[in-house]
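Biologist: I am new to this structure. Please pick one part and take me through it closely.

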Amino acid sequence: MINMTTACPRPDRPELADFLRRSRDRIRPQDAGLPAGPRRRTPGLRREEVAQLAGMSVDYYIRLEQARGPQPSPQMLASLARALRLDTDERDHLYLLAGHRPPAGRTAGDHVAPGLLHLLDQLPATPAQVVSDLGDVLAQNAMAQALLGGVCTVSEHGRNVVWRWFTDPAVRAAYPPEEHEHYGRLHAADLRAAVARRAGDPAATRLVDRLRGASDEFRTLWERHEVAVRRRTRMRVLHAVVGPVDLDCQVLLSPDCDQRLILLTPPPGTDTPDRLALLGAVGTPQFAEPAAR
(Lines give C-alpha, C1' and ligand atoms only; values in the text may rest on other atoms or scores of the structure.)
Protein backbone atom coordinates (compact mmCIF):
# COMPACT_ATOMS: atom_id res chain seq x y z
CA MET A 1 0.00 0.00 0.00
CA ILE A 2 1.29 3.47 -0.88
CA ASN A 3 1.89 5.86 2.00
CA MET A 4 0.31 9.08 0.80
CA THR A 5 2.42 11.17 3.18
CA THR A 6 5.68 10.27 1.42
CA ALA A 7 4.73 9.32 -2.14
CA CYS A 8 2.73 11.22 -4.73
CA PRO A 9 0.30 9.26 -6.89
CA ARG A 10 1.18 8.79 -10.54
CA PRO A 11 -0.85 10.87 -12.99
CA ASP A 12 -3.57 8.92 -14.75
CA ARG A 13 -4.17 11.03 -17.84
CA PRO A 14 -6.93 8.89 -19.43
CA GLU A 15 -8.94 8.86 -16.18
CA LEU A 16 -8.32 12.58 -15.66
CA ALA A 17 -9.53 13.33 -19.18
CA ASP A 18 -12.66 11.22 -18.68
CA PHE A 19 -13.47 12.84 -15.34
CA LEU A 20 -13.04 16.35 -16.75
CA ARG A 21 -15.32 15.60 -19.70
CA ARG A 22 -18.04 14.06 -17.57
CA SER A 23 -17.81 16.79 -14.92
CA ARG A 24 -18.10 19.44 -17.64
CA ASP A 25 -21.18 17.70 -19.06
CA ARG A 26 -22.92 17.83 -15.67
CA ILE A 27 -22.69 21.62 -15.25
CA ARG A 28 -25.50 23.69 -16.70
CA PRO A 29 -24.29 27.02 -18.14
CA GLN A 30 -26.71 28.99 -15.97
CA ASP A 31 -25.26 27.32 -12.85
CA ALA A 32 -21.87 28.78 -13.79
CA GLY A 33 -23.30 32.23 -14.51
CA LEU A 34 -23.23 31.78 -18.29
CA PRO A 35 -26.07 32.15 -20.81
CA ALA A 36 -27.54 28.84 -21.98
CA GLY A 37 -27.73 29.93 -25.63
CA PRO A 38 -29.93 28.39 -28.34
CA ARG A 39 -27.41 26.20 -30.18
CA ARG A 40 -25.94 23.80 -27.64
CA ARG A 41 -25.52 20.18 -28.65
CA THR A 42 -25.18 19.09 -25.02
CA PRO A 43 -26.59 20.57 -21.79
CA GLY A 44 -23.14 20.97 -20.21
CA LEU A 45 -20.38 23.53 -20.53
CA ARG A 46 -18.24 23.92 -23.62
CA ARG A 47 -14.49 23.42 -23.35
CA GLU A 48 -13.79 27.10 -23.99
CA GLU A 49 -16.19 28.03 -21.21
CA VAL A 50 -14.39 25.82 -18.68
CA ALA A 51 -11.07 27.32 -19.79
CA GLN A 52 -12.46 30.82 -19.36
CA LEU A 53 -13.84 30.08 -15.90
CA ALA A 54 -10.55 28.45 -14.82
CA GLY A 55 -8.35 31.21 -16.24
CA MET A 56 -6.39 28.97 -18.62
CA SER A 57 -5.94 28.79 -22.37
CA VAL A 58 -8.46 26.82 -24.39
CA ASP A 59 -5.65 24.82 -26.00
CA TYR A 60 -4.28 23.79 -22.61
CA TYR A 61 -7.68 22.59 -21.41
CA ILE A 62 -8.35 20.71 -24.66
CA ARG A 63 -5.06 18.86 -24.23
CA LEU A 64 -6.11 17.82 -20.73
CA GLU A 65 -9.36 16.37 -22.05
CA GLN A 66 -7.39 14.58 -24.77
CA ALA A 67 -5.11 12.93 -22.15
CA ARG A 68 -1.99 14.72 -23.33
CA GLY A 69 0.07 17.73 -22.39
CA PRO A 70 1.96 18.61 -19.18
CA GLN A 71 0.89 17.65 -15.70
CA PRO A 72 -1.36 20.40 -14.30
CA SER A 73 -0.10 22.18 -11.20
CA PRO A 74 -2.00 22.17 -7.90
CA GLN A 75 -2.90 25.81 -8.53
CA MET A 76 -4.37 24.92 -11.93
CA LEU A 77 -6.32 22.04 -10.40
CA ALA A 78 -7.76 24.37 -7.77
CA SER A 79 -8.98 26.65 -10.56
CA LEU A 80 -10.50 23.71 -12.44
CA ALA A 81 -12.24 22.47 -9.30
CA ARG A 82 -13.84 25.87 -8.83
CA ALA A 83 -14.81 26.16 -12.50
CA LEU A 84 -16.41 22.70 -12.50
CA ARG A 85 -18.09 23.30 -9.14
CA LEU A 86 -16.62 20.14 -7.63
CA ASP A 87 -17.43 19.19 -4.07
CA THR A 88 -14.69 18.08 -1.65
CA ASP A 89 -14.74 14.42 -2.70
CA GLU A 90 -14.66 15.29 -6.39
CA ARG A 91 -11.91 17.86 -5.87
CA ASP A 92 -9.73 15.31 -4.06
CA HIS A 93 -10.42 12.84 -6.87
CA LEU A 94 -9.26 15.42 -9.43
CA TYR A 95 -5.99 16.03 -7.57
CA LEU A 96 -5.25 12.33 -7.30
CA LEU A 97 -5.92 11.64 -10.98
CA ALA A 98 -3.56 14.49 -11.87
CA GLY A 99 -0.78 13.03 -9.73
CA HIS A 100 -1.02 15.32 -6.70
CA ARG A 101 -2.04 14.75 -3.12
CA PRO A 102 -5.31 16.45 -2.20
CA PRO A 103 -4.89 19.62 -0.15
CA ALA A 104 -5.62 17.85 3.15
CA GLY A 105 -3.30 14.90 2.48
CA ARG A 106 -4.17 11.33 3.49
CA THR A 107 -2.47 8.15 4.62
CA ALA A 108 -3.55 4.51 4.63
CA GLY A 109 -3.32 1.75 7.23
CA ASP A 110 -3.79 -2.02 7.22
CA HIS A 111 -4.81 -2.86 10.79
CA VAL A 112 -7.85 -2.05 12.90
CA ALA A 113 -6.92 0.35 15.67
CA PRO A 114 -7.22 -1.14 19.17
CA GLY A 115 -9.48 1.75 20.14
CA LEU A 116 -11.97 0.80 17.43
CA LEU A 117 -11.97 -2.83 18.54
CA HIS A 118 -12.60 -1.73 22.13
CA LEU A 119 -15.46 0.49 21.00
CA LEU A 120 -17.12 -2.41 19.15
CA ASP A 121 -17.15 -4.40 22.39
CA GLN A 122 -18.81 -1.48 24.20
CA LEU A 123 -21.82 -1.49 21.85
CA PRO A 124 -23.63 -4.74 22.66
CA ALA A 125 -27.07 -3.47 21.52
CA THR A 126 -25.95 -1.58 18.40
CA PRO A 127 -24.79 -3.30 15.21
CA ALA A 128 -21.33 -1.93 14.44
CA GLN A 129 -18.44 -2.91 12.22
CA VAL A 130 -15.14 -1.60 10.90
CA VAL A 131 -14.84 -1.60 7.10
CA SER A 132 -11.89 -0.59 4.93
CA ASP A 133 -12.23 2.07 2.26
CA LEU A 134 -12.33 -0.73 -0.33
CA GLY A 135 -15.24 -2.40 1.47
CA ASP A 136 -13.44 -5.20 3.35
CA VAL A 137 -15.16 -6.02 6.65
CA LEU A 138 -12.30 -5.93 9.16
CA ALA A 139 -14.17 -6.34 12.46
CA GLN A 140 -17.75 -6.77 13.69
CA ASN A 141 -19.54 -6.95 16.98
CA ALA A 142 -22.02 -9.71 17.74
CA MET A 143 -25.06 -7.65 16.76
CA ALA A 144 -23.61 -6.83 13.33
CA GLN A 145 -22.89 -10.51 12.76
CA ALA A 146 -26.45 -11.43 13.71
CA LEU A 147 -27.91 -8.75 11.45
CA LEU A 148 -25.57 -8.88 8.45
CA GLY A 149 -23.67 -12.16 8.74
CA GLY A 150 -20.13 -12.84 9.92
CA VAL A 151 -17.63 -12.45 7.09
CA CYS A 152 -14.42 -11.23 8.72
CA THR A 153 -12.62 -14.57 8.39
CA VAL A 154 -13.50 -15.06 4.74
CA SER A 155 -10.64 -14.80 2.23
CA GLU A 156 -10.44 -12.20 -0.52
CA HIS A 157 -12.88 -11.04 -1.86
CA GLY A 158 -15.60 -12.87 0.07
CA ARG A 159 -15.52 -10.44 2.99
CA ASN A 160 -15.79 -7.42 0.68
CA VAL A 161 -19.22 -5.76 0.77
CA VAL A 162 -18.89 -4.34 -2.75
CA TRP A 163 -17.92 -7.70 -4.25
CA ARG A 164 -20.75 -9.47 -2.43
CA TRP A 165 -23.31 -6.84 -3.44
CA PHE A 166 -22.58 -7.23 -7.13
CA THR A 167 -21.99 -11.01 -7.19
CA ASP A 168 -24.09 -12.65 -4.43
CA PRO A 169 -27.88 -12.70 -4.97
CA ALA A 170 -28.44 -13.72 -1.35
CA VAL A 171 -27.01 -10.40 -0.18
CA ARG A 172 -29.37 -8.41 -2.42
CA ALA A 173 -32.34 -10.46 -1.27
CA ALA A 174 -31.96 -8.90 2.17
CA TYR A 175 -32.72 -5.40 0.81
CA PRO A 176 -35.87 -4.02 -0.86
CA PRO A 177 -35.68 -4.53 -4.65
CA GLU A 178 -36.63 -0.91 -5.35
CA GLU A 179 -33.47 0.21 -3.51
CA HIS A 180 -31.00 -2.04 -5.33
CA GLU A 181 -30.07 0.53 -7.97
CA HIS A 182 -29.47 3.18 -5.31
CA TYR A 183 -27.19 0.90 -3.28
CA GLY A 184 -25.29 -0.14 -6.40
CA ARG A 185 -24.53 3.48 -7.23
CA LEU A 186 -23.45 4.15 -3.63
CA HIS A 187 -21.03 1.22 -3.66
CA ALA A 188 -19.52 2.09 -7.05
CA ALA A 189 -19.10 5.81 -6.29
CA ASP A 190 -17.56 5.16 -2.88
CA LEU A 191 -15.16 2.56 -4.32
CA ARG A 192 -14.18 4.97 -7.11
CA ALA A 193 -13.08 7.53 -4.51
CA ALA A 194 -11.08 4.91 -2.59
CA VAL A 195 -9.32 3.54 -5.69
CA ALA A 196 -8.16 7.01 -6.74
CA ARG A 197 -7.01 7.76 -3.19
CA ARG A 198 -4.89 4.59 -3.18
CA ALA A 199 -3.31 5.52 -6.54
CA GLY A 200 -2.40 2.18 -8.13
CA ASP A 201 -2.56 0.00 -5.03
CA PRO A 202 -2.58 -3.65 -6.25
CA ALA A 203 -5.45 -4.71 -3.98
CA ALA A 204 -7.64 -1.91 -5.28
CA THR A 205 -6.77 -2.67 -8.90
CA ARG A 206 -7.41 -6.36 -8.41
CA LEU A 207 -10.82 -5.76 -6.83
CA VAL A 208 -11.98 -3.46 -9.62
CA ASP A 209 -10.72 -5.82 -12.32
CA ARG A 210 -12.57 -8.75 -10.77
CA LEU A 211 -15.75 -6.74 -10.35
CA ARG A 212 -15.65 -5.51 -13.94
CA GLY A 213 -15.26 -9.09 -15.11
CA ALA A 214 -17.97 -10.53 -12.86
CA SER A 215 -20.75 -7.92 -13.05
CA ASP A 216 -22.19 -6.11 -16.06
CA GLU A 217 -24.02 -3.80 -13.66
CA PHE A 218 -20.81 -2.81 -11.89
CA ARG A 219 -19.03 -2.25 -15.19
CA THR A 220 -21.81 0.09 -16.34
CA LEU A 221 -21.79 2.03 -13.06
CA TRP A 222 -17.99 2.22 -13.04
CA GLU A 223 -17.99 3.78 -16.51
CA ARG A 224 -20.27 6.58 -15.25
CA HIS A 225 -17.31 7.79 -13.15
CA GLU A 226 -19.46 8.93 -10.22
CA VAL A 227 -17.48 9.58 -7.04
CA ALA A 228 -18.76 10.14 -3.49
CA VAL A 229 -17.52 9.01 -0.10
CA ARG A 230 -20.34 7.33 1.79
CA ARG A 231 -20.97 9.01 5.13
CA ARG A 232 -24.61 8.60 6.14
CA THR A 233 -27.58 6.77 4.65
CA ARG A 234 -30.93 5.29 5.64
CA MET A 235 -31.30 1.59 4.96
CA ARG A 236 -33.75 -1.28 5.46
CA VAL A 237 -32.60 -4.85 6.06
CA LEU A 238 -35.12 -7.63 5.42
CA HIS A 239 -33.97 -10.03 8.12
CA ALA A 240 -35.05 -13.65 7.80
CA VAL A 241 -35.99 -13.96 11.50
CA VAL A 242 -37.01 -10.56 12.89
CA GLY A 243 -38.42 -9.08 9.67
CA PRO A 244 -37.71 -5.63 8.17
CA VAL A 245 -35.28 -3.52 10.19
CA ASP A 246 -35.01 0.21 9.43
CA LEU A 247 -31.63 1.68 10.28
CA ASP A 248 -29.67 4.90 10.14
CA CYS A 249 -26.22 4.04 8.80
CA GLN A 250 -23.71 6.46 10.28
CA VAL A 251 -20.21 6.17 8.79
CA LEU A 252 -17.40 7.60 10.91
CA LEU A 253 -14.19 8.00 8.90
CA SER A 254 -10.75 7.54 10.39
CA PRO A 255 -8.42 10.55 9.98
CA ASP A 256 -6.67 8.69 7.14
CA CYS A 257 -10.02 7.80 5.51
CA ASP A 258 -8.91 4.20 4.95
CA GLN A 259 -11.11 2.72 7.69
CA ARG A 260 -14.70 3.45 8.66
CA LEU A 261 -16.60 2.69 11.81
CA ILE A 262 -20.16 1.97 10.72
CA LEU A 263 -22.91 2.32 13.31
CA LEU A 264 -26.42 1.07 12.54
CA THR A 265 -28.85 2.89 14.83
CA PRO A 266 -32.67 2.98 15.12
CA PRO A 267 -34.37 5.91 13.37
CA PRO A 268 -36.70 7.85 15.69
CA GLY A 269 -40.30 6.68 15.70
CA THR A 270 -39.64 3.16 14.37
CA ASP A 271 -39.94 -0.26 15.97
CA THR A 272 -36.28 -0.96 15.24
CA PRO A 273 -35.26 -1.04 18.95
CA ASP A 274 -37.71 -3.89 19.56
CA ARG A 275 -36.49 -5.79 16.52
CA LEU A 276 -32.85 -5.34 17.51
CA ALA A 277 -33.64 -6.52 21.03
CA LEU A 278 -35.25 -9.64 19.57
CA LEU A 279 -32.28 -10.14 17.28
CA GLY A 280 -29.92 -9.88 20.24
CA ALA A 281 -31.90 -12.53 22.09
CA VAL A 282 -32.13 -14.88 19.10
CA GLY A 283 -28.62 -14.26 17.80
CA THR A 284 -29.38 -15.75 14.38
CA PRO A 285 -27.07 -14.60 11.58
CA GLN A 286 -28.72 -13.12 8.52
CA PHE A 287 -26.54 -15.08 6.10
CA ALA A 288 -24.78 -18.39 6.28
CA GLU A 289 -20.99 -18.13 6.35
CA PRO A 290 -20.07 -17.77 2.65
CA ALA A 291 -17.50 -19.93 0.99
CA ALA A 292 -14.04 -18.45 0.46
CA ARG A 293 -13.60 -16.74 -2.90
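Modeller: One term comes up again and again. A residue counts as buried when its relative accessible area is under 20%, as exposed when that area is over 50%, and as partly exposed in between. Keep in mind that this is a predicted model.

First, the setting. The protein chain has 13 helices and five strands. It runs to 293 residues, and 49% of them count as buried. Take the contacts between residues at least 6 apart in sequence: 61% of these join residues at least 24 apart. The accessible surface comes to about 14000 Å², with 52% of it on carbon and sulfur atoms.

The part I have chosen is the region around helix α8, residues 161–167. Start with the rings. The structure holds five aromatic pairs. One of them joins Trp165 and Tyr175. A ring pair is described by the distance of the centres and the angle of the planes. For Trp165 and Tyr175 the centres lie 5.7 Å apart and the planes meet at 70°, which is edge-to-face. Trp165 sits in α8, while Tyr175 sits in the loop between α9 (169–172) and α10, so the pair ties together parts ten residues apart in sequence. Both Trp165 and Tyr175 are buried.

The neighbour of Trp165 in sequence, Phe166, has a ring partner too. It pairs with Phe218, again edge-to-face, at 5.3 Å between centres and 75° between planes. This link spans more of the chain: Phe166 lies in α8 and Phe218 in α12 (216–223), 52 residues apart. Phe166 and Phe218 are both buried. Now go back to Trp165. Ring pairs join Trp165, Tyr175 and Tyr183 into a cluster.

Next comes His187. It belongs to helix α10. Its relative accessible area is 12%, so His187 counts as buried. Which residues does His187 touch, leaving out those up to four places away in sequence? They are Val161, Val162, Trp165, Phe166 and Arg230. Two of these have come up already: Trp165 from the pair with Tyr175, and Phe166 from the pair with Phe218.

Charged side chains meet rings as well. Arg192 lies over the face of Trp222, at 3.9 Å from the ring centre. Arg210 does likewise with Trp163, at 4.4 Å from the ring centre.

Now follow α10, which covers residues 180–198. Salt bridges appear along the way. The structure holds 21 of them. One joins Arg185 and Glu226, at 2.6 Å from N to O. Arg185 lies in α10, and Glu226 in the loop between α12 and β3 (232–239), 41 residues apart. Arg185 has a relative accessible area of 33%, so it counts as partly exposed. Another bridge joins Arg198 and Asp201, at 2.9 Å from N to O. In this case both Arg198 and Asp201 are buried. The bridge is part of a wider set: salt bridges with shared partners connect Asp133, Arg197, Arg198 and Asp201 into one network.

Helix α10 also leads to another helix. The buried residues of α5 pack against α10, and against α1 (13–26) and α4 (74–83) too. How many of the ten residues of α5 are buried? Eight are, so this helix, residues 88–97, is largely enclosed by the rest of the structure. The buried ones are Asp89, Glu90, Asp92, His93, Leu94, Tyr95, Leu96 and Leu97. Look at the two ends of α5. At the N-terminal end, Asp87 acts as a cap: one of its side-chain oxygens lies 3.2 Å from the backbone nitrogen of Asp89. Just after α5, Gly99 takes a positive phi of about 90°.

For contrast, here is a salt bridge between two other helices. Arg47 pairs with Glu65, with their closest N and O atoms 2.8 Å apart. Arg47 is in α2 (47–54) and Glu65 in α3 (58–65), 18 residues apart. How accessible are the two partners, Arg47 and Glu65? Arg47 has 26% relative accessibility, so it counts as partly exposed. Glu65 has a relative accessible area of 2%, so it counts as buried.

To retrace the route on screen, begin at Trp165 in α8 and find Tyr175 in the loop before α10. Then cross from Phe166 to Phe218 in α12. Finish at His187, which touches both Trp165 and Phe166.

Conventions:
Residues numbered from 1 in each chain as written. Predicted model: local features only at pLDDT ≥ 70, side-chain atom pairs only at ≥ 80, totals over all residues. Heavy atoms only, no water. Buried < 20%, exposed > 50% of the residue type's maximum accessible area, 1.4 Å probe, protein only. Helix = DSSP H or I, 4+ residues; strand = E, 2+ residues; numbered from the N terminus. Contact = heavy atoms within 4.5 Å. Polar contact = N/O pair within 3.5 Å; in protein donor to acceptor, adjacent residues only side chain to side chain. Phe/Tyr/Trp six-rings, centres within 6.5 Å; stacked < 30°, edge-to-face > 60°. Lys NZ or Arg CZ within 6 Å of the ring centre and 35° of its normal. Salt bridge = Lys/Arg side-chain N within 4 Å of Asp/Glu carboxyl O. Areas by Shrake-Rupley, 256 points an atom, 1.4 Å probe, with all protein chains shown as cover.
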